Amino acid sequence: MNASRQEQEMQQRVFADKCQRLHTHLVGTKSLLREIGEYNRSKWPVHYPLGRIAQAMTTSNSSGLRRTNSMLMSSDSTLVGEVGPTPMRRAMTVEDVPSSSSSSDSDADAERLLDANDLSVLKLDLRVSYHGDSDVIGSLEESSIARLFDERLMQCEAHIDKLIARVTDKSSKILVTGDLNAGKSTLVNALLRRDILPFDQQPCTMLFCEVVDASLNGDVEEIHGISDISAYSQKDPRTYTRVSLPDLEDVVMENSEQFQQLKIYTRDVRSDGASLLHNGSVDVALIDSPGLNRDSLKTTQLFARQEEIDVVVFVVNAENHFTLSGQDFLVSAGNEKAHIFIVVNRFDAIRRKDRCERMILDQIRELSPLTYAERSDLVHFVSAHEQLAAERSGTQGAESFSRMEKSLRSFALEQRFKSKLAPAQRYAMNVLGDVQYLAAENVAAATKRIQEINALLRESMPRYETLLHERTDTTRQAEAALDDGCAEVRRHTAAHLTNTTRHLQDVAEKVAYPGLLSLWTYAESVLLAMVRHLEHEVSECDRFACFTIQHARADLARLEDHRRSLDDGESKDAASSWSCGDDDASTSSSLTASQLAPIGSISNALDTVQLELSDFVDFDIAHNWAALTSVSTAVTLLASKSMASNALTLLRLSSTMGPHTARRLMVASAALIGLGSVFYVLSDMDATVRRKLSARLELMLDEEGFVHHHAERLTTEASRAIRPFVWHLQHTFQRMVEAEEHRRADHLRRRHVAQDSQIYFDELRIKAHSLANLVRAVGNADAANGPF
Ligand SMILES: Nc1nc2c(ncn2[C@@H]2O[C@H](COP(=O)(O)OP(=O)(O)OP(=O)(O)O)[C@@H](O)[C@H]2O)c(=O)[nH]1
């Protein structure tokens, strides 16, 4: 007895140590998930292998196979068929998919390291996004996947929280379920050695009845009818309705008050060593459930899946074997709990017991291979009815029942790890296995992305260098076209107008002289002709400027064409906006001086020029002297020809005539010369007007800087007309370069993120691997102390 006690204490210590270690590793696993979630949200949307899921769905649809409610359910054989050999081992959970069907994935995506179907816990349920078109999944955005993945991580964290609570929890729950009328209530009563739960030949249990030791209720035997189990507190009477023992049968059979569950606090007078409810180490709860049928199957499956359920006792009616509902339940519960404790009841009613035993075991082998593997401990053929009858009569019960009871105690108590810690360990292993899978996938994805980006950067480098070079070269050429054009306009205008002002008199000479009497009109015509000529010549300069502008624009258009040939479509807007300018350039053949800024008055001074008297009188001494010289010469010549001899004669005569006569002769000669001069001046009046007016205009234009003004005006106009094209060209080139630089910067940023992620996921894989080893070691250490 002492040895057994010591052994029990030893087991308790080992179990406590395991709980502690598993607790630590679960906390570690949870913080790893949190870290991944953070990384997924802020740095790198976790790459999730989608290709095969879409493929599987397409196959599923085309073959007409029905999918189960969840991709995580094991019965999804369509997905299973797609699962190839998995490179990493992992434990099984409810979310595992047994690969029972043949693999035909020879055409598997060679690029994929992994398959989403290889994931268990972190597998995403993408059916919500699936509408019969596999492309929908293919086109799921990275961000949507990341969000779904984030949600999944949070669900896992919440689940781990429950597992942590479970690992530290000292209670253990045993769910008794099975087909209708299999004898579940009778079995619970037999285990308690009391007729507490009602039993009947007809289906009678309508709700879950949890039987616990009265010590948990202040040692008071009570029945609580609970309407909302999540709000239930045994200390708060508002959360339950007390049910009296005599009413229990009605409540269980009718459940007219629609309780969710009954909690039955009962006293087990047996010793710790014999009692299942109070056994010295854990508080056990036995839960009787409604018989399985199509209506209750789902509820019971959900109930059994609760983390608090450590053991599922499946009661089979030896007379009926497994019903379809029972088979369904066993498969799904087997995936959750791995091992199911099976009690084949009503064995007393079987005549050919061997045959029945063989047939039922064959079925178990199919339905729950793990349970079958440990059938000597986990499968029992009993008669609960006989056990109760023996109890009532005070006789010894059947050996088979006490063996079953011992195994159940062993399963629930001595091997608590298997029923209580193993699911948590298995879940953590699966999570960590999935993390390793996804980490490897993401390392591969990051590596691939780095390679792709490197290739892109390499490919785009020559283009970038060309752009830089072309931008400098083209900008220089465009500036040169502008400068040359402006310089040409300035040079031409200055030279042309200077020449024009110097030769205004030539223009005047073309005006017909109507005679002395119309001298004033003549002067006006001369002035007008010169002004018109000036206007004409200014317009000529304008036309030349237009021509030069066209020429420069044509040069720039050629440069723009060249730029567009380098454009890969990123700056089409820019191109289209140039095309407007280009249209201008193309229609520039029709560019006229009127398209330049209006000339206005060609000269301020010309607007106000008036004829003056001085325009008709030449006070120019030099010029007059020359004229007089010419007149005197003419007179001299005249004298020399007609009167020279007479003059000499006069001189000679004066000596003979006397001085008075000679003086009169001299006066006459002078008068003759004066008359000649006046005649000459009057006859040269038109030339005087032309000369005077042209000189005055030239002086006036010089003073007001006529030539400089127009040279500057047209240079400015030319610059104004050409520069926008230069700017446009520079701007579009700049945008092209910036777009390229932006692309390159984006590539570099993405590469940096990918490099960081590559390191992060590689480290994560190692971290998850070591943590998985530690979690596994929790079970391994037990191997020295127990069968697990
Ligand atoms: N012969 C025989 N009859 C049994 C045995 N166990 C239970 N019964 C009878 O089978 C009938 C059903 O028993 P219950 O315990 O009510 O069965 P149950 O599975 O709880 O029924 P539901 O909860 O309604 O599904 C009752 O009449 C029991 O007396 C057994 O071991 N042998």
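## A buried loop residue, a nine-stranded sheet and a ligand shell

Leu 207 counts as buried, because 21 C-beta neighbours lie inside 10 Å and 20 are enough for that label. The model described here is predicted. Leu 207 sits in the loop between H6 and strand E2 (208–213). Beyond its neighbours within four places in sequence, Leu 207 is in contact with Val 252, Asn 255, Phe 259, Gln 261, Leu 262 and Pro 290. Phe 259 is 52 residues away along the chain, yet its C-alpha atom is 7.4 Å from that of Leu 207.

**Overall make-up**

The protein chain has 788 residues, and 37% of them are buried. It holds 23 helices and nine strands. Of its contacts with a separation of 6 or more, 81% join residues 24 or more positions apart.

**The sheet**

The nine strands form an open sheet. Their order is E4-E3-E5-E2-E6-E1-E7-E8-E9, with mixed pairing. Strand E4 (241–242) and strand E9 (379–381) are the edges. Each has a single partner strand, so one side of each lacks a neighbour in the sheet. In general, the strands of a sheet pair through backbone hydrogen bonds, in either the parallel or the antiparallel sense. Three pairings on the E4 side of the order can be set out together.

| Strand pair | Sense | Bridges |
|---|---|---|
| E3 (residues 222–226) and E4 | antiparallel | two bridges |
| E3 and E5 | antiparallel | five bridges |
| E2 and E5 (residues 261–266) | parallel | six bridges |

Which residue of E3 can be followed into E4 and into E5? Gly 225 stands opposite Thr 241 in E4. In E5, the bridge partner of Gly 225 is Leu 262. Leu 262 is also among the contacts of Leu 207. Between E2 and E5, Val 211 stands opposite Ile 264.

**Around the ligand**

The shell around the ligand has 21 residues. Gly 183, Phe 199, Thr 205, Gly 291 and His 385 come nearest. By type, the shell divides into seven nonpolar, ten polar and four charged residues. Helix H6 (184–192) and helix H13 (384–393) each supply at least two of its residues. Which element gives the largest share of the shell? H6 does, with three residues.

**Positive phi values**

Most residues other than glycine have a negative phi. Two loop residues depart from this sign. Asn 181 has a phi near 65 degrees, although it is not a glycine. Asn 181 lies in the loop between strand E1 (171–178) and H6. Is Asn 181 buried or exposed? It counts as buried, because it has 22 C-beta neighbours inside 10 Å.

Arg 346 is the other case, with a positive phi of about 60 degrees in a residue that is not a glycine. Its loop runs between strand E8 (341–345) and helix H10 (353–367). Arg 346 is buried too, with 22 other C-beta atoms within 10 Å.

A glycine also takes a positive phi. This is Gly 705, at about 65 degrees, just after H22.

**Helix H22**

Helix H22 (residues 685–704) has 20 residues. At 1.5 Å a residue, H22 should span 28 Å, and its end C-alpha atoms are 28 Å apart, so the two values agree. In H22, the buried residues are Asp 686, Thr 688, Val 689, Arg 690, Lys 692, Leu 693, Ser 694, Leu 697 and Leu 701. An α-helix has 3.6 residues a turn, so residues three or four places apart point the same way.

**Confidence**

The mean pLDDT of the protein chain is 78. Of its residues, 73% reach 70 or more. Where is confidence lowest, and where is it highest? Helix H3 (residues 77–82) is lowest, at a mean of 30, and E9 is highest, at 95. E9 is also an edge of the sheet.

Two stretches have low values. Over residues 570–590 the pLDDT stays under 50, and the model has 24 contacts for them beyond four places in sequence. Over residues 633–644 the pLDDT is below 50 as well. That stretch has six contacts in the model beyond near neighbours in sequence. The model as a whole scores ipTM 0.98 and pTM 0.56.

Terms used: Residues are numbered from 1 along each chain as its sequence is written. This is a predicted model: local features need pLDDT of at least 70, side-chain atom pairs count only at pLDDT 80 or more; totals for chains, interfaces and linings use all residues. A residue is near a molecule or strand if its C-beta atom, placed from the backbone, lies within 6 Å of it. Helices (H or I, at least four residues) and strands (E, at least two) are DSSP runs, numbered from the N terminus. Ala, Val, Leu, Ile, Met, Phe, Trp, Tyr, Cys and Pro count as nonpolar, Asp, Glu, Lys and Arg as charged, and the others, Gly among them, as polar. Two strands pair if DSSP finds at least two bridges between them. A residue is buried if 20 or more other C-beta atoms lie within 10 Å of its own, exposed if 12 or fewer, and partly exposed in between; C-beta atoms are placed from the backbone. Two residues are in contact if their C-beta atoms, placed from the backbone, lie within 7 Å. pLDDT is the predictor's confidence in each residue, from 0 to 100. The expected span of a helix is 1.5 Å times one less than its number of residues.
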